[in-house]
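These are my notebook entries from a session with the structure. I went from one residue or feature to the next and wrote down what I found for each.

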Amino acid sequence: PCLSCWTVVLCRSLTLCASPASDIAGGIVGQDVTFCRKTSRSSTSHEQQSSQQRWLQNRLQPPPGCVCPWQLSYGCGHPTYPPVVSRVVGGDDVRANSWPWQASLQYLSGNRYYHTCGGTLISNQWVLTAAHCIGRFTYRVYLGKHSLNSADEKGSVAIAPAKIIVHEQWDSYRIRNDIALIKLQTAVQFSDTIQAACLPPAGDVLPNGFPCYVTGWGRLWTGGPVADILQQALLPVVDYATCSQPDWWGDLVTEKMVCAGGDGLLASCNGDSGGPLNCQRSDGTWDVQGVVSFGSSLGCNYPKKPSVFTRVASYIDWINKVMASN
């Protein structure tokens with residue numbers, strides 16, 4: 001039901017249009033619909049933005065079965081409970097529900113589900129994860145979780161996939177195009193515990209040293225136990241010029257990947273795969289800039305072997321195409 005030009009522009013582009021620093025304008029020409037005009041925070045008051053959003057909500061209604069985040073009063077990348085972040089190095093238990101787009105991808109074994117990978121909710125019905133996380137299992141996606149070992153957490157929900165689309169050029173040997181999308185069987189209702197992350201602008205490249213945070217329930221250290229409470233760790237971006245040096249990752253990395261970390265202290269680890277690299281824009285919203293892809297076989301936190309992520313900004317067209325056609 002979400003295949004019209006209306007939904008392609010609105011449902012897909014909310015991350016570009018519905019942030020506090022955006023000015024939303026709409027116009028209808030036949031079946032063509034809205035356009036978005038970016039303005040600075042200083043040139044558009046909060047009252048003007050709210051008025052424009054109300055105008056849009058009142059006059060433009062989606063096709064049956066299509067629910068957009070703005071209808072539910074939640075935009076992308078703005079947690080109700082902001083994460084406690086600093087430039088201090090250290091992996092920590094997160095503030096509960098402060099990364100409300102974090103998903104746990106779980107597989108069925110016997111009569112129980114087990115966490116295998118992370119994921120990122122990017123709309124009310126789509127979750128972004130890594131291609132290498134997908135196998136021949138029965139899966140479910142758990143949203144709104146804080147403690148994996150706590151059953152029936154308030155505000156959490158488990159939803160089965162309707163479709164899983166792995167990138168058609170996924171190369172497991174060279175670890176290229178390590179990205180997949182999961183369409184949920186039912187659209188999730190956004191709440192204080194479940195919200196979507198923003199997608200970055202296509203082609204976006206963060207500068208060396210830019211502070212980002214990896215989140216997940218992966219192993220707490222190489223060979224260590226899997227986390228029960230969702231963890232976060234500060235991982236500064238390592239630019240391609242550095243990460244592709246022979247004593248770093250060399251030609252194993254491409255410009256369609258993001259490197260982050262590499263100090264030998266903090267990194268993503270087994271079980272974090274598929275989860276987000278969260279990076280904050282200047283206006284305070286959070287983008288999912290990366291999808292956890294791979295690390296060193298020498299250990300999760302090996303010096304000069306930073307965590308490597310699929311660069312989401314390199315796949316915006318692919319993401320939009322998959323979401324619009326499914």
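Is S98 buried or exposed? I kept in mind from the start that I was working with a predicted model. I found that S98 has a relative accessible area of 0%, and because anything under 20% counts as buried, S98 is buried.

**Entry 1, around S98.** I placed S98 in the chain and found it in the loop between strand 3 (92-93) and strand 4 (102-109). Looking at its side chain, I noted that a polar atom there lies 2.6 Å from the backbone oxygen of R95. I then set aside the neighbours within four places in sequence and looked for other contacts of S98, which turned out to be P79, Y81, P82 and P83.

**Entry 2, the cavity.** I next looked for enclosed space and found 1 cavity of 30 Å³ or more. The space in the largest cavity is about 60 Å³. S98 appears again here, since I found it in the lining of the largest cavity, together with V94, N97, W99, P100, Q102, G144, K145, H146, T193 and L230. When I sorted the lining residues by character, I got 4 nonpolar, 6 polar and 1 charged.

**Entry 3, disulfides.** How many disulfides are there? I recorded a count of 4 disulfides, and I went through three of them in detail, including the one formed by C117 and C133, whose sulfur atoms are 2.1 Å apart. The torsion about the S-S bond of C117 and C133 is about -90 degrees, so I entered this disulfide as left-handed. The pair links distant parts of the chain, with C117 in strand 5 (residues 112-121) and C133, 16 residues apart from it, in the loop between strand 6 (126-129) and strand 7 (139-143). I noted that C117 and C133 are both buried.

I turned next to the disulfide that joins C212 to C279, with an S to S distance of 2.0 Å. Its handedness is right-handed, with 115 degrees about the S-S bond of C212 and C279. Because C212 lies in strand 11 (residues 211-216) and C279 in strand 14 (residues 276-280), the pair ties together parts that are 67 residues apart in sequence. I checked burial for each partner separately: C212 is buried at a relative accessible area of 0%, and C279 is buried at 3%.

I then looked at the disulfide between C243 and C259, where the S to S distance is 2.0 Å. The link of C243 and C259 is left-handed, with -80 degrees about the S-S bond. I found C243 in helix 3 (residues 240-243) and C259 in strand 13 (residues 257-260), so this pair ties together parts that are 16 residues apart in sequence. Both C243 and C259 are buried.

**Entry 4, D247.** Which residues does D247 touch, not counting those up to four places away in sequence? I first located D247 in the loop between helix 3 and strand 13, and I noted that D247 is partly exposed, with a relative accessible area of 41%. The residues that D247 touches are K304 and K305. With K304, I found a polar contact between the two side chains at 2.8 Å. For K305, I recorded that its C-alpha atom is separated from that of D247 by 8.6 Å, although D247 and K305 are 58 residues apart along the chain.

Key
Residues are numbered from 1 along each chain as its sequence is written. This is a predicted model: local features need pLDDT of at least 70, side-chain atom pairs count only at pLDDT 80 or more; totals for chains, interfaces and linings use all residues. Side-chain values use heavy atoms; hydrogens and water are left out. Helices (H or I, at least four residues) and strands (E, at least two) are DSSP runs, numbered from the N terminus. Buried means under 20% relative accessible area, exposed over 50%, partly exposed in between (1.4 Å probe, protein chains only). A polar contact is a pair of N or O atoms within 3.5 Å; within protein, one must be able to donate a hydrogen and the other to accept it, and residues adjacent in sequence count only if both atoms are side-chain atoms. Contact means heavy atoms within 4.5 Å. A disulfide is a pair of cysteine sulfur atoms within 2.5 Å. On a 1 Å grid over the protein atoms alone, a cavity is a set of points where a 1.4 Å probe fits but cannot get out, and a pocket is an open set with protein on both sides within 12 Å along at least five of seven lines; lining residues have an atom within 4 Å of a point. Grid points are joined across faces, edges and corners, and a volume is the space filled by probe spheres set on the points. Ala, Val, Leu, Ile, Met, Phe, Trp, Tyr, Cys and Pro count as nonpolar, Asp, Glu, Lys and Arg as charged, and the others, Gly among them, as polar.
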